[in-house]
Structures are given as structure tokens and as C-alpha cells.
Amino acid sequence: MSKRLCLAGMLALFSLLGCQEEELTFDVALSGDQEVPPVITESQATATVTLLISSGDDGDGGDGKDHDLDLDLDLDLDLDLDLDLDLDGDTNKHYGDNDSQDYDDTHYNDDSDYGHNDKGDGTPPDPEPEPEQTYTLSAELDISMVEDVQAAHIHQGGIGENGPVAFEFIDNGDGTMSVEATEITQEQADELLAGQWYINVHTLDNPSGEVRGQIVDSSIVVIVTFSLDGSQEVPPVDSEASGTGYATVNTDTNEVELTVITKSAEDATAAHVHEGFVGENGDVVIALVPGNSPGVWTTPDESILDDETLQRLVSGGHYVNVHTPANPPGEIRGQILSSDFTLITFSLDGGQEVPPVETEASGDGYLTYNSATEEVDLKVITTGAEDAVAAHLHEGFAGQNGDVVTALEQDAEDPGKWTTPEGTTLGSDIIELLLSGGHYVNVHTPANPPGEIRGQILTSDFTLFVFPLDGSQEVPPVETEAFGTGYATFNSETSILQVNIVTSGVDDAVAAHVHEGEIGENGDVVVGLVQDGDDVTVWSTPENTELDDDTAETLLSGGHYINVHTPANPPGEIRGQIE
């Protein structure tokens with residue numbers, strides 16, 4: 001191979017070594033949960049953000065001088081020097097027919113480029129300047145599952161905070177939007193790499209933003225959003241205060257960044273991250289500090305957890321507690337749970353038993369379901385039922401009795417506490433039924449072996465009604481010894497109404513209906529109930545009875561009742577207001 005080609009190859013190699021590029025890609029999932037405040041929406045979007053980091057110089061060494069090798073590659077180059085590059089790896093150098101070679105006794109001056117590497121005065125040379133870096137940002141956004149998009153931007157702001165627009169997406173007209181390659185500053189790049197930028201999609205219905213996604217490395221950063229309320233406190237607190245929590249958990253650095261925004265708890269005296277799974281109280285792990293606005297609490301800068309604490313956190317073993325003068329132990333609480341978890345809290349009492357039981361005993365239930373591991377963690381804390389002999393998770397909708405699914409274990413030190421065995425998993429069919437309101441917890445005592453207190457396991461989408469039926473509620477009232485109990489659930493997400501009534505003394509009933517009407521008013525039929533083929537005392541709504549928005553609003557405001565019609569009293573013998 002010619003010397004000219006060898007030197008040209010070396011020059012190309014040197015050129016490559018002088019410039020380096022690194023491309024970082026962030027996959028972003030956008031949802032209404034990350035909006036501040038959260039937005040209830042089925043819309044979702046995805047985005048890919050790319051940051052290209054280029055480093056190197058242009059050959060002038062940063063001083064304006066051209067330091068590129070000035071190579072004379074003329075074929076008439078004087079090759080008397082005979083610098084023979086052995087490409088075959090042979091280290092033996094042959095200089096003609098002689099075993100030795102006379103070298104030119106040339107000496108370079110000290111101030112030449114090939115002399116000593118010090119200045120003329122003997123001091124060391126100035127250090128080479130750092131290669132200049134440039135940062136180029138680009139992004140692609142898929143909005144095909146979002147309706148009436150008005151705009152989309154990249155904003156500056158950490159998790160749980162709103163910030164100014166940094167870049168605007170351009171609509172491509174095909175369900176996607178883009179930010180073209182744009183050079184950004186090092187400060188902006190540092191903010192992006194620190195997870196302090198987010199994407200927000202603005203729609204006609206939600207001009208401030210319908211779906212949002214924090215730009216983080218999803219391979220190591222977990223994003224968590226959660227709600228805070230009094231029902232999650234142990235024991236529950238009746239409070240109108242509420243809150244929303246936003247957190248990023250870096251599983252590589254163990255850093256946690258958390259923001260809590262409360263409502264009607266501006267007088268809070270403290271807020272903490274505590275250790276404890278749902279239904280448990282535990283020690284403080286991190287004391288939160290007040291944010292820039294009233295009702296806002298955040299983690300201190302660089303909140304780092306040890307490995308064991310971090311593992312517990314990502315598995316649902318921590319919560320935020322907000323303390324107020326009215327409720328020093330905590331007024332609102334929120335379990336820190338990733339999107340894999342479903343959290344349900346519910347109450348137990350004798351009124352939910354079928355038939356109802358008069359008792360002063362009560363209880364509170366806390367359940368989490370992890371869709372990733374399929375584990376169910378259920379805790380029940382009772383009061384006034386310390387002599388309970390058993391507690392079970394049963395299959396059955398409100399107003400129905402059903403079979404045992406799993407037995408709960410009584411705490412050895414606290415007889416009022418019952419939990420599922422560790423690592424309890426349920427099949428997919430059971431979980432589907434559970435999340436649709438088809439299971440309950442029953443606590444059995446010597447005084448009431450079939451069950452003294454019961455609690456229907458219902459997500460926050462459900463409203464539960466338990467109400468009596470009797471002749472006194474008829475318009476006009478009816479004198480009768482017949483009576484009944486009604487159990488109803490309404491799911492605001494699916495608009496499904498489910499009613500079960502159990503009657504006594506009206507076995508000859510010819511019909512039962514859901515009617516529209518306030519207390520003391522008679523109204524039209526909304527839904528006809530179906531009599532059970534095996535038990536004439538039981539009546540239920542047809543499967544998947546769905547209400548329109550207006551009818552649902554009337555129901556939730558107490559504007560419907562159940563009426564049971566008999567031959568003796570065709571207009572109705574017993575009636576019960578659904579409230």
C-alpha cells in the first residue's frame with residue numbers, strides 16, 4: 001500500500017477522534033394523572049424526546065490557529081527518509097542493503113512546534129481548552145388518542161409543578177406533532193437531564209392541559225401519582241380536606257422527588273413520608289418542607305434513600321401524612337403507589353349484613369392489588385368485635401351472600417386486626433369480579449356466627465346505598481307488617497346501577513320497580529326489578545343496567561325509590577328511598 005494512502009487513512013482517523021456525539025432518547029407516557037391538578041380523562045399520548053450531545057473542535061484547537069497536519073502528499077515527495085510503514089505487522093525495518101542507517105543530525109529549536117513543550121520562559125504551556133459541546137433537542141408526539149388538540153408544548157417544571165413553555169410542537173396533520181431539531185443551551189440541557197421538563201397537550205375541553213408526561217429516563221425513573229384523603233388514615237378521619245401527590249423515584253441514584261398539593265388543609269403544621277403499607281401506621285422517613293405556595297409540601301433537595309427503604313417504597317410500603325391542629329396524628333393520608341396498584345378503602349358495619357345486624361361493632365378495610373405481581377394485600381381493623389372467631393373475603397355483590405374466597409388471619413397481638421396471608425394471589429377472574437364490586441369482607445362472632453359486620457369492597461368509582469323498605473314510606477302510608485332492606489351500588493365510571501332488595505312478608509308481590517321521586521312524592525318507573533327464580537323475597541335490577549347522565553344525577557341526589565307492589569296494595573305495599 002502506498003505511503004500516501006496510509007497517511008490519508010491516519011488523517012481520517014485523527015479527524016474522527018476529534019469529534020464525538022452521544023444521543024439520548026426519552027420515551028414519555030402522557031396521562032391526565034400527571035396534570036396539576038389531575039384531569040380525569042381516558043385520553044393518552046406518547047412521545048419520544050431526543051437530545052444529541054456533540055463535542056469536539058474544528059481543528060483550530062480553540063485558539064483560532066489551524067493545527068491540521070499540512071501533509072505534502074505529492075508523489076515526488078523526497079522519500080530519502082524512507083519511513084516505511086510495515087502494514088503486515090513486521091517490526092523489522094530494512095534500510096536498503098545496510099544494517100544501519102545514517103540519520104540527518106537535524107536539531108529543532110526550542111521555540112519550534114517540535115521543541116520542548118514549555119514556553120520560552122520555562123513555564124508550562126497553557127492547558128488545552130475543553131472541547132465545546134452543543135446540545136440539539138428534537139421530539140415526536142403521538143396525539144392520535146387525544147381529541148380536539150389545540151396545542152402541545154415542552155414546559156419547564158418538575159413533577160407536580162406547572163412551568164413556562166420552552167418549545168412548541170408543530171402539528172404534522174397525521175395525528176403526530178413534532179419539535180424540529182433545535183439547539184439548546186447547556187443550562188436547558190441540564191434541566192432536561194434532571195427531569196425538570198415535561199410535555200403538556202392542551203385540548204378544547206382542558207385548555208390548561210389534558211394529558212401530561214414528565215421527561216425522564218423511564219428505564220430507571222418511576223413516576224407515581226396518588227391521592228390523599230381522610231379515608232386512608234388509620235383510623236379514618238372524616239374530613240373535607242384532600243390532596244394530590246406527585247413523585248419521581250430514581251432507582252439508579254435512589255433519589256426521591258415528591259410534591260404534595262393539599263386542599264382545605266392550609267393550616268397543616270407538618271407533613272411527612274412515613275413507612276407503612278396500607279392500613280398500617282409507621283415511623284417518619286422524610287420530613288417534607290413547605291413549598292412556594294400555601295398547601296404545597298415537597299421533599300428537601302437530594303433526598304436519597306438507602307436500598308432497603310427504596311425497595312419498600314416502590315413496593316407500596318410508604319405513605320404521606322399531613323398533620324393539622326384539628327387532627328395531629330394526621331388529617332389526610334396518601335399511599336405512595338405506582339400505576340400497577342389499585343387502592344380501595346371501605347367500611348364495615350352491621351347494616352351491610354344480609355339481613356342487617358344491629359350492633360355497635362364497626363371496622364375499616366384497606367386493600368391494595370398489584371397487577372404486576374397479582375398480589376392482594378387486605379387489612380381489616382375492627383372495633384367492638386374483639387371476640388371475632390373468623391373473618392373472610394367472600395364473593396358476592398351488595399345485598400348478596402356468597403362463598404368464602406380466602407380466610408383472613410388474626411393478628412396475634414391485636415385481636416381486632418385481620419389480614420390476608422402474605423403473598424396472597426387471586427386468579428384473573430376473581431380480580432375482575434373484585435374490582436367490579438363483587439366481593440365483601442365478613443367478620444363472624446359468637447353472637448352472630450353468619451356475620452356481625454360486613455364491608456363491600458368498592459373502588460372510589462362506586463357509591464353504596466343501604467336503605468330500609470316499609471309501609472310508612474308509601475304515599476299515602478300503608479299499614480303492613482311487611483318490610484325489606486335495599487342494597488344498591490352505582491358506578492360513576494360505567495354508569496351501571498345494581499340493586500338487590502330482600503323482603504319479608506310480601507312473598508306474593510307481583511312487581512317491584514325503581515321509581516323516580518323525592519321523599520313523599522310518587523313518580524314514574526325507571527327500571528323494573530327481576531324476581532329471583534329460587535327466592536321470591538329477592539328482587540334485582542337486570543344485569544348491566546345503565547343510567548343516562550340526568551337519571552344518574554337524580555339518583556345521587558336522592559331522587560329515586562324502590563316500590564314493591566302486591567295484590568293487596570297494587571300501588572305499593574312497601575317502599576324505600578335510595579339514599
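This is a selection-by-selection tour of a predicted model.

**Stop 1: a four-stranded sheet**

Start with strands S5, S4, S8 and S9, which form an open sheet in the order S5-S4-S8-S9 with antiparallel pairing. Select residues 165-168 for S5 and 211-214 for S9; these strands stand at the edges, each with a single partner strand, so one side of each is left without a neighbour in the sheet. Looking across the sheet, neighbouring strands are turned by 25° against each other on average, direction ignored.

Next, select residues 149-156, which make up strand S4. S4 is joined to S5 by 3 bridges, in the antiparallel sense. To find the register of the two strands, pick Ile154 and look across to S5, where Phe167 stands opposite.

**Stop 2: the aromatic pair**

Keep Phe167 selected and add Trp197. The structure holds 1 aromatic pair, and Phe167 and Trp197 are its members. What is the geometry of the pair formed by Phe167 and Trp197? The pair is tilted, with 5.8 Å from centre to centre and 55° between the planes.

Colour by element to see what the contact connects: Phe167 belongs to strand S5 and Trp197 to strand S8 (residues 197-203). The two residues are 30 apart, and the pair links distant parts of the chain.

Are these rings' residues buried or exposed? Phe167 has a relative accessible area of 15% and is buried, because the cut-off for buried is under 20%. Trp197 has 0% relative accessibility and so also counts as buried.

**Stop 3: the cavity**

Move on to the region of strands S11 (242-250), S12 (255-263) and S14 (284-287), the elements that each give two or more residues to the lining of the largest cavity. How many cavities of 30 Å³ or more does the structure hold? There is 1, and the largest cavity has a volume of about 50 Å³.

To display the lining, select Ala247, Val249, Val256, Leu258, Val273, Val285, Ile286, Leu305, Leu313, His318 and Ile336. Coloured by class, this lining shows 10 nonpolar residues, 1 polar residue and no charged ones.

**Stop 4: a five-stranded sheet**

Now select strands S20, S21, S22, S26 and S25. They form an open sheet in the order S20-S21-S22-S26-S25, again with antiparallel pairing. At its edges are S20 (341-348) and S25 (409-410), each of which pairs on one side only.

At the S25 edge, add residues 417-419, which are strand S26; S25 and S26 run antiparallel and are joined by 2 bridges. Zoom in on Glu409 to see one bridge partnership: its partner in S26 is Thr419.

**Stop 5: strand S27 and its partners**

Finish with residues 439-444, strand S27, where 6 of the 6 residues are buried. Which residues of S27 lie on each of its two faces? His439, Val441 and Val443 are on one side, and Tyr440, Asn442 and His444 are on the other; both faces are covered.

Then add the strands that pair with S27. Strand S23 (residues 390-395) runs antiparallel to S27 and is joined to it by 6 bridges. On this side, His392 stands opposite Asn442.

Strand S28 (residues 453-456) also pairs with S27 in the antiparallel sense, over 4 bridges. Here, select Val443 and Ile453: the latter, in S28, is the bridge partner of the former.

Notes: Residues are numbered from 1 along each chain as its sequence is written. This is a predicted model: local features need pLDDT of at least 70, side-chain atom pairs count only at pLDDT 80 or more; totals for chains, interfaces and linings use all residues. Side-chain values use heavy atoms; hydrogens and water are left out. Two strands pair if DSSP finds at least two bridges between them. Axes are lines fitted to C-alpha atoms, for helices over the stretch in contact, and angles run from 0 to 180 degrees between N-to-C directions. On a 1 Å grid over the protein atoms alone, a cavity is a set of points where a 1.4 Å probe fits but cannot get out, and a pocket is an open set with protein on both sides within 12 Å along at least five of seven lines; lining residues have an atom within 4 Å of a point. Grid points are joined across faces, edges and corners, and a volume is the space filled by probe spheres set on the points. Ala, Val, Leu, Ile, Met, Phe, Trp, Tyr, Cys and Pro count as nonpolar, Asp, Glu, Lys and Arg as charged, and the others, Gly among them, as polar. Rings of Phe, Tyr and Trp (its six-membered ring) pair if their centres lie within 6.5 Å; planes under 30 degrees apart count as stacked, over 60 as edge-to-face and the rest as tilted. Buried means under 20% relative accessible area, exposed over 50%, partly exposed in between (1.4 Å probe, protein chains only).
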